[in-house]
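This report covers one model, shown below. The sections that follow take up pairing across the chains, symmetry, confidence and local geometry.

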Number of protein chains: 2
Amino acid sequence: PDWIIYRSSFMHLFIYFALGSRYVSKTATKTVSEFEYDAPSMKTAVPGPNNIQLCLSLGLQNVGAVHFFCNYEESRGNYLVDVDGNRMLDVYTQISSIPIGYNHPALIKVMTNPNNVSAFVNRPALGILPPENFPDKLFESLLSIAPSGMSRVQTMACGSCSNENAFKSMFIWYRNKERGYASPSEQEVGTCMINQSPGCPDLSILSFMGAFHGRTMGCLAATHSKAIHKLDIPSFDWPIAPFPKLQYPLEEFVRENAQEEARCLEEVEDLIVKWRQKGRPVAGIVIEPIQAEGGDNHASPDFFSKLRNIARKHGCAFHVDEVQTGGGTTGKFWAHEHWGLDDPADVVSFSKKLLTGGYYHRDELQPDKPYRIFNTWMGDPSKNLFLLEVLNVIRRENLLEEVTRSGKALLQGLYALQTQYPHILSRARGQGTFCAIDACNDATRDSIMLKARNKGLFMGSCGEKTIRFRPALVFKEYHVHQLLNILNDILAEHK
Amino acid sequence: PDWIIYRSSFMHLFIYFALGSRYVSKTATKTVSEFEYDAPSMKTAVPGPNNIQLCLSLGLQNVGAVHFFCNYEESRGNYLVDVDGNRMLDVYTQISSIPIGYNHPALIKVMTNPNNVSAFVNRPALGILPPENFPDKLFESLLSIAPSGMSRVQTMACGSCSNENAFKSMFIWYRNKERGYASPSEQEVGTCMINQSPGCPDLSILSFMGAFHGRTMGCLAATHSKAIHKLDIPSFDWPIAPFPKLQYPLEEFVRENAQEEARCLEEVEDLIVKWRQKGRPVAGIVIEPIQAEGGDNHASPDFFSKLRNIARKHGCAFHVDEVQTGGGTTGKFWAHEHWGLDDPADVVSFSKKLLTGGYYHRDELQPDKPYRIFNTWMGDPSKNLFLLEVLNVIRRENLLEEVTRSGKALLQGLYALQTQYPHILSRARGQGTFCAIDACNDATRDSIMLKARNKGLFMGSCGEKTIRFRPALVFKEYHVHQLLNILNDILAEHK
C-alpha cells in the first residue's frame, strides 16, 4: 500500500535530517563502515570548554562520575562525539551496553516504523496485560538465542533487577524442594510477613571474591569487587569463595592454572558444607564467565564444568551472570558457550548489550505460583523491538565472526605492546574483543587512559590497574589498528 | 526550514496510519474527549477466544498472572482494547502507571520528532556520559516538580531500584554522620568487601505493616502487604510499626482515628529505641502517603507531620515513597503536599506515572563520593522526554483540577453505592481519583471485578477485599458516571 512507500522515502530524509552528515547512509542496509566516520578527530582536550560549562549547569545533581557530555546525534558506529566536537574511537561503549554502535540505521528504522509507535508510548504492565505481539516478539528475539537447555525467559528492566529476581527464583526453588512441593505452613506464611524464619529462611547465595552482580541489596551481597560499592550498606552473611587467580597467556601456564582452579573448587565445596552446618544453606551459586568489574579475570572451561557439577552434587542452583559477557562480545553469543556444556546452567541473566534485562532459566526454576516473581513493568517491550533488530544485524553481518577476527588482532596487538613495554604493561588477556591488559600500577593506568582520550581513544578501567576493552560488535580490524597506533604513540612517549 | 513543515504534515498521516480510527485527532493539541472513544463496547466475555489462543502460544513462560492480551494500537485515552475487540473503561491503568491515557497524541508527537531519535537509539550510561541536553531536560521535567526543600534528583530505571538506592543513600548519610564525616577506617574498608560489620553495618529501615515498597531484597525487607511477595526470600531484622487502621469517612471519626494514630506513633518511637539498643539503629523511616497494595490505607496530615518530627528527633532520615501516589492522582502532584509541610521529607521516591524511576533528596543526603550511588544506565533519557510532554499536558489541560473534580464525583458515587448496598460495600475512601471501597469478603470482591470486566469496566484490587480505582489523569466526570452505572448494574443483580 501507499503508506509503506511513503514511510520508506520518509526514512531516507529522516536519517538525513536526524544525523545531518555526509557520512550517513541513506538506507538501513549499509554496514558500519559505510555510515560511520573514518577516524578519531580531536579539537580540544577532554573535557573541553562546552563540557565544563554543562557540568556546572547540572548544579546540585550527582555529577561526580561524569566523564564528559556527549553529542549522541553526531556519534556514529564506533565513534563517540562529545559536546566540544571531539570524535573518539569508543571501546568502552557506555559500560559495554551499546551492541552495534551509535545511531545504527537499523535501529533508527525501528523508531520510524509506525507499527512500533504503540510499544513506545503505551508501556504495559507486561506481567498482567501483555501486548498482542508479545509472544511473537519474545520467540523471535530472546527465545531465538536461549542458552542450551532453557526454554523460559523472564524480562526485567536492568541487570540488577535481573539478578535480584534470579536469586529469588533460586530461593523459591530451593525451599519448594525442601518442603517436598507441599504448601507452605501457616507458620511460614505468618513469619514471612515480619521478615522472620522460617517464612524468610536463612538461605544464602555463594559468590566469588572480585565478583560484580549489581548494586541493589541482594545483588550487592554477592558483589565483591570494590569497597566503594559496598561501604555502609547492610548485607547478608553469605559465603564468598576465591576466584582463580590465573597466569596469562593461559596456554603457557596450563599446569599452574589447573592447580589454582582446583584450590578454588575445593574451597567452594568446603564453604557449601560449612554454611549448611551453620544453618544458612547455599541455595545457589552465582558467577560471571569472565569477572569484568573485578579486573577481567578468566577461568578455564574445565573450572566452570567442575563448578557446575559441584552445584548439582550439593543441590544448589547454578546461576551464570552474563550481564557483561553476553550478547556476542566474546565471539559467541553467550560466553558460557565456550565451555561446551549441554546443560551449562540453571539460570542465565543478561542486560546491557541485550538492551532489556532478564534471565533464562530451566523449567524447574519456574515459581509454582503467579505473582511470586513480579513487578509493575517486568521489562519494556520497546527494548525488545530494538533487540530484535540488533539480532538481525548480528546475523546479517556475521558480527560474531567479525568479533572473533577483530578480537584476535586486538589480543595479538596487546601481546606485542607488552613485549615492547614490559615495564609498563603485562597480563594481556581476552576472548573475542572482551580484552584487557594491566598497567604496572593504577596511576600509570589512569595516565595512559587520559592521554589516550586526548588522542581520540576512549577506554574503560576495571580492577586495580587494568584497562578493559569493550568495543561494540561492529568493531573491525581497521579499528583495532587505530587503537593500537594510539596506544603505541602514548607508550613510546611514556616517561 | 522545509523539514519542519515536512515533519508536521507527516505527523498527521502518521497518527492516521498508526491508529487508524475515526476517533483519532489529527493534531497533538486536542484533549482526551476529542480523540478517545465515547464508551465501553464488549464483544465477548474476557478472556475471549483470541486471548486464550495467545496465552497458549506463550507456552512455558511466566504467564500465571496474565489477565488478558491487549491491542494497544487501538486503545485510546481511558479505554483499553483487548485482542478480542473488547473495549473497556480502564481504571487500573497498568497498575497505575499510565499518566494521560493510551496513545495520547502529545506522546506520539515525541516519537515522531527527529530531534528525539538519538535519545531512543543511543541509551547512554547516564552517570558517566550524559547527553548534551540532559541538564536542560532535567530542569524542565523532574526539577520543575521537585518537592518542597529538595533541589536534587537521581533518576533510576524502576520503582524498586529507586527505593533500593534511596535506602542506600540513607545508610551512607547515617554512617557519615556517625563517623563525623571522617574517612572510613581500614577495618571498615576491609570488612565491607566480605559483607561484615563494621564495613557493612547492622543498620535498619523502619517500615509499616501493610507497606509495599518493591520486591528486590532491600525493598522487600520493608514490604509487608502479602505473603506471596515475601515467602521463601531471606530478609533483614528490621523494625515494623503498625500503620493506623482508620475508620471511614475520616471526617466522621476524627477522635477515634487520632487515638489510633497516636498509638502507632508511640510504637514507632518504641521501636526506634529498641532497635538502637539491640545494635541495629534505624537509619531511615519509609512510608507511603496512602498504603496502596496493602489495601488503600489513609492517615491524617497530623500523623505524617508528627512522624516526620519523630524521624528528626531520633536522627533518622524520612523517606516518602510516592511511587504509586505521585504524579497528580490525588489532585496534587505529590500526595505529601496535602500535609502542608515546608520540609515534608528527606527523600521522595517516584516511578510509574512519572515514566522514569528516581528519587529526590535534600542536599545532605548526597553521597560524599562519586560511584557510591551508581549503575550502568541510571535511568533512561527517552523516558524523560515523555515525562516532559506529560507535564506539559497536565499544565495545559489543568489536569490536577480535573482529577480533584472527578475524584469528588467518584467518591460521592461510592458513598451512595455503599449506602444502597451496605451488605456488600463499605469503607469508601479516597483522595483525588485515588479511591477505594471494600467488599464484604474477597470472593465477593473478585466476583464484582469479573462481572464489571465483562461489562466493560476494568478495575484493580488491593489488600484483602478492596477494589482500588487508579484511573489516568484524563479521567473526567462522564467517565465517573460510566463507571458508577456499570457498578450499580452489577450490584443490583448481585445474589
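## Contacts between the chains

In this predicted model, Arg372(A) and Asp232(B) form a salt bridge through their side chains, with an N to O distance of 2.9 Å. Between chain A and chain B the count of salt bridges is 8. Over all chains, the structure holds 66 salt bridges. Polar contact across the interface of chain A and chain B involves 50 residue pairs, both residues being at pLDDT 80 or more. On the side of chain A that touches chain B, helix α1 (residues 2-19) of chain A gives the most, with 7 residues. By class, that side of chain A consists of 75 nonpolar, 27 polar and 19 charged residues.

How many residues does each chain bring to the contact? Chain A supplies 121 residues and chain B supplies 121 residues. About 11,500 Å² is buried between chain A and chain B, and 65% of this lies on carbon and sulfur atoms. Within chain A, the residues that lose the most area to chain B are Leu129(A), Met193(A) and Asp232(A), which together account for 7% of what that side buries.

## Symmetry of the two chains

Two copies of a chain are related by a rotation about an axis and a shift along it. Here a turn of 180 degrees, with a shift of 0.0 Å along the axis, lays chain A on chain B with an RMSD of 0.0 Å. This is the relation of a two-fold axis.

Which residue of chain A comes closest to the rotation axis? That residue is Met217(A), whose C-alpha is at 2.9 Å from the axis. Both copies use the same surface, as 99% of the contact residues of chain A recur in chain B.

## Confidence

The scores of the model are ipTM 0.93 and pTM 0.93. For chain A the average pLDDT is 92, and 93% of the residues score at least 70.

Residues 1-29 of chain A are a stretch where pLDDT stays under 50. For these residues the model has 51 contacts beyond four places in sequence. Where pLDDT is low, the predicted coordinates should not be read in detail. Helix α1 (residues 2-19) of chain A, which gives the most residues to the side touching chain B, should be considered together with the pLDDT under 50 over residues 1-29.

## A salt bridge within a helix

Side chains of opposite charge can pair when their charged atoms come close. Within chain A, Asp302(A) and Lys306(A) are joined by a salt bridge, and their closest N and O atoms are 2.9 Å apart. Helix α13 (residues 301-313) of chain A holds both Asp302(A) and Lys306(A). The two are 4 residues apart, about one turn of the helix.

## Backbone geometry

Val46(A) is linked to Pro47(A) by a cis peptide bond, with omega near 0 degrees. Pro47(A) sits in the loop between α2 (32-35) and α3 (49-57) of chain A. The peptide bond that joins Ser197(A) and Pro198(A) is cis, with omega about 5 degrees. The loop between α9 (186-192) and β4 (204-208) of chain A contains Pro198(A).

In chain B, Gln94(B) is not a glycine, yet its phi is positive, at about 55 degrees. Where is Gln94(B) found? Gln94(B) belongs to helix α4 (residues 93-96) of chain B.

Notes. Residues numbered from 1 in each chain as written. Chains lettered and ligands numbered in written order. Heavy atoms only, no water. Contact = heavy atoms within 4.5 Å. Buried area = accessible area lost by both parts, 1.4 Å probe. Salt bridge = Lys/Arg side-chain N within 4 Å of Asp/Glu carboxyl O. Polar contact = N/O pair within 3.5 Å; in protein donor to acceptor, adjacent residues only side chain to side chain. Nonpolar A, V, L, I, M, F, W, Y, C, P; charged D, E, K, R; others polar. pLDDT = per-residue confidence, 0-100. Least-squares fit on C-alpha atoms with pLDDT ≥ 70 in both.
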